[in-house]
Amino acid sequence: DLGESGVERYEIEKGLREGLRNDEFRLYYQPKIEFSSGKLLGVEALIRWHHPTWGVLGPDRFIHVAEFTNLIIPLGKWVIEQACRQASAWHDGNLPRFPIAVNLSAVQLTDPSLAEHVAEALRVSGADPAMLEFEITETAAIHDLDQSIAFVDTLKELGCRVAIDDFGAGYTSFKNLKLLNVDMVKIDGA
């Protein structure tokens, strides 16, 4: 089993590198609906890999390898760029304005150029920063709380929204949550 999982991880890593070069990834947008009214509140950007041999793969099949190999950095930057382009396209098409949520992993939060990349993606796309909402899991946020606070503050200065996802899954105190200055807290369903 260990040998097979190592071979599979190698194949996924190799495929991820090729997939990034060959533009094999797509974003799908899952609606966020207000339960009581049925009103569309926004969407969440979900990545799918359109692998030429394996077919369409959900993130459960490749994100862990992307994080382990740090390929999540270029993949995450691609997601941010695509989400910004889509927000701008919807706005230019006179469609209703609603935020696009983008998930960030703990590995991405260690990238010192991430905030700069967000600013550049917003500038290049012309997207309204208020239409971009970054979701950071509670566990990722508390891994390096000082770094997370600084990153959240930078995103807020850019005009983006920030949410803590899966709150209650870890051990964050409400004091630490308040330090993060987020717009929304999504409670863990477990």
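# Reading strands, helices and hollows

Author: Start with one pair: Val43 has Ile100 of E4 as its bridge partner.

Reader: What kind of model is this, and how are residues numbered?

Author: The model is predicted: local features need pLDDT of at least 70, side-chain atom pairs count only at pLDDT 80 or more, and totals for chains, interfaces and linings use all residues. Residues are numbered from 1 along each chain as its sequence is written, and side-chain values use heavy atoms, with hydrogens and water left out.

Reader: Do E2 and E4 run parallel or antiparallel?

Author: Labels come from DSSP runs, numbered from the N terminus: helices are H or I with at least four residues, strands are E with at least two. Two strands pair if DSSP finds at least two bridges between them. E2 and E4 run parallel, joined by two bridges.

Reader: Which strand does E1 join, and by how many bridges?

Author: E1 (residues 25–33) is joined to E2 (residues 40–51) by nine bridges, and the two run antiparallel. Take two positions in E1. Tyr28 has Leu46 in E2 as its bridge partner. Tyr29 stands opposite Ala45 in E2. In a regular strand, side chains alternate between the two faces of the sheet.

Reader: How many residues lie between E1 and E2 in the hairpin?

Author: Six residues lie between them, and Gly38 in that turn has a positive phi of about 80 degrees. E2 also forms a hairpin with E3, through three residues. E2 and E3 (residues 55–57) run antiparallel, with three bridges. Look at His51, which stands opposite Gly55 in E3.

Reader: Which residues that are not glycine have a positive phi?

Author: Asp23 is one of them, at about 55 degrees. Asp23 sits in the loop between H1 (2–21) and E1. Asn70 is another, at about 65 degrees, in the loop between H2 and H3. For exposure, use relative accessible area with a 1.4 Å probe and protein chains only: buried is under 20%, exposed is over 50%, partly exposed is in between. Asp23 is partly exposed, at 45%. Asn70 is partly exposed too, at 46%. Asn94, just after H3, also takes a positive phi, of about 55 degrees.

Reader: What span should helix H3 have?

Author: The expected span is 1.5 Å times one less than the number of residues. H3 (residues 72–92) has 21 residues, so it should span 30 Å. The end C-alpha atoms of H3 are 30 Å apart, which agrees.

Reader: Why is Cys84 in no disulfide?

Author: A disulfide is a covalent bond between the sulfur atoms of two cysteines. The cut-off here is a pair of cysteine sulfur atoms within 2.5 Å. A search of the whole structure finds zero disulfides. The sulfur of Cys84 has its closest cysteine sulfur in Cys160, 7.2 Å away, so it is too far for a bond. Cys160 is likewise in no disulfide. Cys84 is buried, at 0% relative accessibility. Cys160 is buried as well, with a relative accessible area of 4%.

Reader: What is the volume of the largest pocket, and which residues are closest to its centre?

Author: First the rules, on a 1 Å grid over the protein atoms alone. A cavity is a set of points where a 1.4 Å probe fits but cannot get out; a pocket is an open set with protein on both sides within 12 Å along at least five of seven lines; lining residues have an atom within 4 Å of a point. Points are joined across faces, edges and corners, and volume is the space filled by probe spheres set on them. The largest pocket has a volume of about 450 Å³. Its lining has 25 residues, of which Ile47, Pro59, Ile63, Asn103 and Leu104 are closest to the centre.

Reader: Which element gives the most to that lining?

Author: E2 does, with five residues of the largest pocket's lining. Elements that give two or more include H2 (63–68), E4 (100–104) and E6 (161–167).

Reader: How many cavities reach 30 Å³ or more?

Author: The count is one. The largest cavity holds about 60 Å³ of space. Its lining is Ala87, Trp90, His91, Leu95, Pro96, Arg97, Phe98 and Met131.
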